[in-house]
There are 2 protein chains.
Amino acid sequence: MSAFIEQLDAAAARNRSLLCVGLDPSLSAMPIDNIAEFNRAIIAATSDLVCAYKPQWAFYEAEGIPGIEALQATIEAVPDGIPVLLDAKRGDMDNTSRAYAKAAFETWGADALTVNPYQGHDAVQPFLDYADRGVFVLARTSNPGSAEFQDLRVRGNGVEGPLYEEVARQAVAWNDNGNIGLVVGATVPDELARVRSIVGSMPILVPGIGAQGGDLEASVQNGVDQNGRRVLISASRSVIYASKGGDFAEAARAEALRLRDAINAELERMGKPWP
Amino acid sequence: MSAFIEQLDAAAARNRSLLCVGLDPSLSAMPIDNIAEFNRAIIAATSDLVCAYKPQWAFYEAEGIPGIEALQATIEAVPDGIPVLLDAKRGDMDNTSRAYAKAAFETWGADALTVNPYQGHDAVQPFLDYADRGVFVLARTSNPGSAEFQDLRVRGNGVEGPLYEEVARQAVAWNDNGNIGLVVGATVPDELARVRSIVGSMPILVPGIGAQGGDLEASVQNGVDQNGRRVLISASRSVIYASKGGDFAEAARAEALRLRDAINAELERMGKPWP
C-alpha cells in the first residue's frame, strides 16, 4: 500500500471523515479578492473535518501567474497529514507525462493527482512511478455528457461492458505500486457501485455532491469498500461559497460539518461507524 | 470557417509549409539553460518554414513559475500570423472547462489548444465557444499504448467501429463554429486515413514525426484533405535538438527546412503542390 493511501486512511480516521473539500476559487464568486487568503481561511476552518483537499488546477491557471502562486500558497497552507489531491486531469505520451508528473508531485508538491486514461497505460505509468503518491484515474465522470463515450459498450480482454468499466479493470491491472484510485461522479450511483465491485478496496474520488446535485447517501452506500472506507466524497462550491459574506469561513465550516456528519450517519446505518 | 483556420491556412500558404514545430523545452537536453532564450532562437530561425508552433504545456509547468513565464515569453516571440497551438490536452466538466479555456485563450493567448474527449461534448463545448480559436480533439494518439482504449470497438449512433472513429464522428457533429481539428499520430497512418475520411477538410494535427519514428510520407498522403492541405505535420525533439551545440538554432533551421521540403516533395508527387 502506498504512502499516499496510508496518509489518506490516517487523515480520514483522525478526522472521522470521508469528506474531501474542493478548493475551486473563482474571483467572481468569492467574497474577498485574494485567492490564497480565501483558501487559507477555508482550510483553517475545515481541516479537522476532511480527509483531503482537492484544488482544481483550472481555476488557478485561469488567473495566470498570480493564480498559480496562489495554488502554491494553498498547498503550503494545508496542514501536514491532510493529503492534497490536485485535480488537473493530466495525461500524455511517456516523456510528456513524466514532465506532468514532475510538475504535480515535485514542483507543486501534490500528494495525489487526477489523470485521464484516454491515451492508455503508458500515458499513466509515469505518474504511477511516483509510488508514494496517489493517481486517480477518471472512470465515470459527473458531468451531463459523461455517458457519451464512457458508457459505450466495448469488449476488452474478453469482458463486455461499458468503457468506464474497462478503464476500471485496466486500472486494477496497472496497480503494481498500490497507488491508483478511480474517479466516479456522485451523479451516477449505479455506475459507482459497478466500479466499486471491480476495484476492491482502491480509493474512489466521488465529486458532484452539492452544486452538481449528486446523491450523498447513495454515494456513500455505493462508494465505500467492504470496510465502509476508501471513498472521498467531494464537495466544492456548496462548501466554499456557503456564504458570500464576511462569515464565509464559518459558513464553510458549518456546511463541511453537516456533510461530514451526514456521511457518518450513513456509515452508522450501514453498520460501519468510525471506532 | 473560424478565424483560427483562416490564420492557419494563410501561414501555411505564405511559408509553403505544413510543418508544425513543437517547442518542448527540457533543461537536460538544451544546450543553454534559459528556456525563453532557447525558444526565441528556435523561432527566429524557423518562423518562415512553419505553419504553426506547438508548445507542450507539461515541459513549462515542470519548471514551475519560471517555466510558465518562459511559456509566456515564447508565445509572445511567435511572429503575428503564425498560430500558436498550445498542447495541453485539457478537458473537464463545464465550469472547469470554461476556466481552462479562459486560461489557454485569454490568460496565455494561445490561438488553438488540444483537448481530451473522454468527458464528452459538454466538456469540450466551453473551448468551442471561443469561435475564433482552434480546438484539436484527441482521436488516435501516437504513443504505444494508444490502442488500449482508442481502438476498442464501439457502436455509437448506429455505426460500429473503433472508439477513435466515434470521437471523430462526434467532433464533426460538434463543429457548429467551424473551429474543430483532430489529433492523430504519425505512427498510425491507416488510422489517420480513416479519420480523414470522416472529418472532411477539418485540420488534423499529426505529431510523432522524428523522435517517435512516425512515417512522414504516409502522414502526408493519408493526412491531407482533398486539396492537399489542412494537416499539421508536427516534429519536436528532432528539430529543436538537432544539435546540442552552440549551432542549435542553425541546425534546427536545417532540419525544419529538410522536413518542410520532404512534405512538399510528397505534395508534388500527389499532384497537390503549392501554387
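## Terms put to the test in a predicted model

Biologist: Which residue takes a positive phi in the hairpin of β6(B) and β7(B)?

Modeller: B:Asn157, near 50 degrees. This hairpin has 2 residues between its strands. Remember that the model is predicted: local features need pLDDT of at least 70, side-chain atom pairs count only at pLDDT 80 or more, and totals for chains, interfaces and linings use all residues. Residues are numbered from 1 along each chain as its sequence is written, chains are lettered from A and ligands numbered from 1 in written order, and side-chain values use heavy atoms, leaving out hydrogens and water.

Biologist: How do you know that β6(B) and β7(B) pair?

Modeller: Strands pair if DSSP finds at least two bridges between them. Here 4 bridges join β6 (residues 153-156) to β7 (residues 159-162) of chain B, so the test is met. The two run antiparallel. B:Gly156 stands opposite B:Val159.

Biologist: What makes these runs strands and others helices?

Modeller: Both are DSSP runs, numbered from the N terminus: E over at least two residues for a strand, H or I over at least four for a helix.

Biologist: Which side chains of β6(B) are buried?

Modeller: B:Val154 and B:Gly156, which point to one face. B:Arg153 and B:Arg155 point to the other and are not buried. Buried means under 20% relative accessible area, exposed over 50%, partly exposed in between (1.4 Å probe, protein chains only).

Biologist: Why is helix α8 of chain B called mostly covered?

Modeller: It spans residues 163-173, and 9 of its 11 residues are buried. Among them are B:Leu163, B:Tyr164 and B:Val167.

Biologist: Why is the pair A:Asp48 and A:Arg253 called a salt bridge?

Modeller: The term asks for a side-chain nitrogen of Lys or Arg within 4 Å of a carboxyl oxygen of Asp or Glu. This pair has N to O at 2.8 Å, so it qualifies. A:Asp48 sits in the loop between α2 (35-46) and β2 (52-55), A:Arg253 in α12 (residues 248-269), so the bridge ties parts of chain A that are 205 residues apart in sequence. A:Asp48, at 36%, is partly exposed. A:Arg253, at 31%, is partly exposed too.

Biologist: What makes the bridge of A:Arg90 and B:Glu61 one that joins two chains?

Modeller: A:Arg90 lies in β3 (residues 85-90) of chain A and B:Glu61 in α3 (residues 57-61) of chain B, so the pair crosses between chains. Their closest N and O atoms are 3.0 Å apart. A:Arg90 has 3% relative accessibility and is buried. B:Glu61 has 1% and is buried.

Biologist: How many salt bridges does the whole structure hold?

Modeller: 36 over all chains. One network links A:Lys54, A:Asp87, A:Lys89 and B:Asp92.

Biologist: How do you know that the chains follow a two-fold axis?

Modeller: A turn of 180 degrees with a shift of 0.0 Å along the axis lays chain B on chain A, at an RMSD of 0.0 Å. That is the relation of a two-fold axis. In chain B, the C-alpha nearest the axis belongs to B:Val154, 2.8 Å from it. The fit is by least squares on C-alpha atoms of residues with pLDDT of at least 70 in both copies.

Biologist: Why do the copies meet through the same surface?

Modeller: 100% of the interface residues of chain B are also interface residues in chain A, so the surface is the same. Contact means heavy atoms within 4.5 Å. A:Ile65 touches residues including B:Ile65 and B:Trp108. A:Ile65 lies in α4 (residues 64-77) of chain A, and at 10% it is buried.

Key
Lists of a residue's contacts leave out its neighbours within four places in sequence.
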